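Here is a walk through one predicted model. Keep the structure open while you read.

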Amino acid sequence: MKDLHFDYTKAVSSERVAAIRPTAEAAMNVLKSGNGAGNDFLGWLNLPHDIEAQISDIESTARLLREECEIIVCIGIGGSYLGAKAVNEALLNSFAQLEGSKPQIVYAGQNIGEDYLYELQNLLRNRKFSIISISKSGTTTEPALAFRLLKTQLEQQQGKDAAKRLIVCITDRKRGALRTLATQEGYKTYVIEDNIGGRFSVLSPVGLLPIACAGFDIRSLIEGAKRMQDICNLPFDENPALQYAASRNILYREEGKKVEMLVNFHPKLHYVSEWWKQLYGESEGKNGKGIFPASADFTTDLHSMGQYIQDGERHLMETVLSVEQPNHEVIFPHDEQNLDGLNFLAGKRVDEVNKMAELGTMLAHVDGGVPNMKFTLPCLNEYYLGQMIYMFEFACGISGYMLEVNPFNQPGVEAYKKNMFALLDKPGYEEESKAIRARL
Ligand code: PA5
């Protein structure tokens, strides 16, 4: 059986990789031995094995919600939502909503958009829906606000007792307002362990429950992650996480490539890039350092970002997420009149055109001074997404240590919250409130 494959040869030479290899291996050893900064957040390293005992329970909760509800609302932000959204969007039929497949999975608590919440409340009116509320801290404003609104609506529509059966909370074992609320109301809960940070939690109930609710095979996802955990123990030449961390750090340190674009040629991978951006952005962007994670969906964005990538400031590196085999076949038809001049494509699969666009883009970008790394997923399914998730997480830990930052904290995220609470006159923020108002 094939595995996810990484190719750095269009980005860096083997001599340069050989030179940085000891640094990458040393960073990996720090990660594995738990001797680095943030080492109290390494619970994700063995999660593919540790989570097994909970899979049946997660599946049975998902079954109940799927059977009883037309719509399942997943509430969460950042690491408490992006992993599940990435996997679900990658696997769902692109037109699932229009096809009316049930249950529909929708997301809330990832913004504070009043119109978004108004429209969601309207959608849920007189529909049987359930809520999965996910917040490790249990205190994050965006999901807490959405949870209060939707819980109130669910209780009004179903009655308080019936609503209880349709609410699941995923949060800290003991701390936080969500834990207090869930205990008091008697909701079904799952625990996010202390040693697993939000953006490394997709293989915990945080990601697995919403993915199972969408009808996908979480056992296969975990099998893929397990396989990648084994691969991540292999030597450099067979270890894509190590090679990726090494290559991107060479480009950053030695060539001034400050921005990495994760690009795909598969529209369903859009949210995989969003998940990846959070993983790398929050893990590496600190102490004035870090590769800026950006993304694009090709070929769509070649018609918007293509000019800049080809010809703009040369601070970009590119990492392609390529899918070797599509899950379906579409053959391009012959046309007698050939008025559009496309008969040279007749009889070919659409994917052949896409793959030539991918190859052509890679060559053009390399010629234009954009080093090109490439991951190939044999196909888009739970197993290979599981491999990819674990690989990116493991590489992120290595890369963060190569940059000499703590990849497992996110102190910078607090700054906007402090200002927002001060501006909203939250009790306890009186001093900040005075100070901030004086600046306005
Ligand atoms: O990766 C992280 O730790 C963050 O992105 C969090 O997941 C995000 O801020 C949400 O936090 P919480 O789950 O505590 O609501």
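Begin at Asn-88. This residue sits in helix 4, which spans residues 82–91. Is Asn-88 buried or exposed? Asn-88 counts as buried because its relative accessibility is 0%, and the cut-off for buried is under 20%. Its side chain has a polar partner: the backbone oxygen of Pro-210, at 3.3 Å. Beyond residues up to four places away in sequence, Asn-88 touches Ile-105, Tyr-107, Pro-210, Ile-211, Ala-214 and Phe-216.

Now turn to the sheet. It is open and has 5 strands, in the order 3-2-4-5-6, with parallel pairing. Strand 3 (104–108) and strand 6 (188–191) stand at the edges. Each has a single partner strand, so one side of each lacks a neighbour in the sheet. From one strand to the next, the twist averages 20°.

Look at one pairing in detail. Strand 4 (residues 129–135) and strand 5 (residues 167–171) run parallel and are joined by 5 bridges. Ile-132 has Val-168 in strand 5 as its bridge partner. Helix 7 (residues 141–158) packs on the sheet, where it touches strand 2, strand 3, strand 4 and strand 5. Its direction makes about 155° with that of strand 4. Helix 6 (residues 114–124) lies across strand 2 (71–75), strand 3 and strand 4. Helix 6 runs at about 150° to strand 3.

Finish at Ala-182, in helix 9 (residues 177–185). Ala-182 is buried, because its relative accessible area is 1%. Leaving aside neighbours within four places in sequence, Ala-182 is in contact with Cys-169, Tyr-187 and Thr-189. Lys-164 is 18 residues from Ala-182 along the chain, and their C-alpha atoms are separated by 9.5 Å.

Key
Residues are numbered from 1 along each chain as its sequence is written. This is a predicted model: local features need pLDDT of at least 70, side-chain atom pairs count only at pLDDT 80 or more; totals for chains, interfaces and linings use all residues. Side-chain values use heavy atoms; hydrogens and water are left out. Helices (H or I, at least four residues) and strands (E, at least two) are DSSP runs, numbered from the N terminus. Buried means under 20% relative accessible area, exposed over 50%, partly exposed in between (1.4 Å probe, protein chains only). A polar contact is a pair of N or O atoms within 3.5 Å; within protein, one must be able to donate a hydrogen and the other to accept it, and residues adjacent in sequence count only if both atoms are side-chain atoms. Contact means heavy atoms within 4.5 Å. Two strands pair if DSSP finds at least two bridges between them. Axes are lines fitted to C-alpha atoms, for helices over the stretch in contact, and angles run from 0 to 180 degrees between N-to-C directions.
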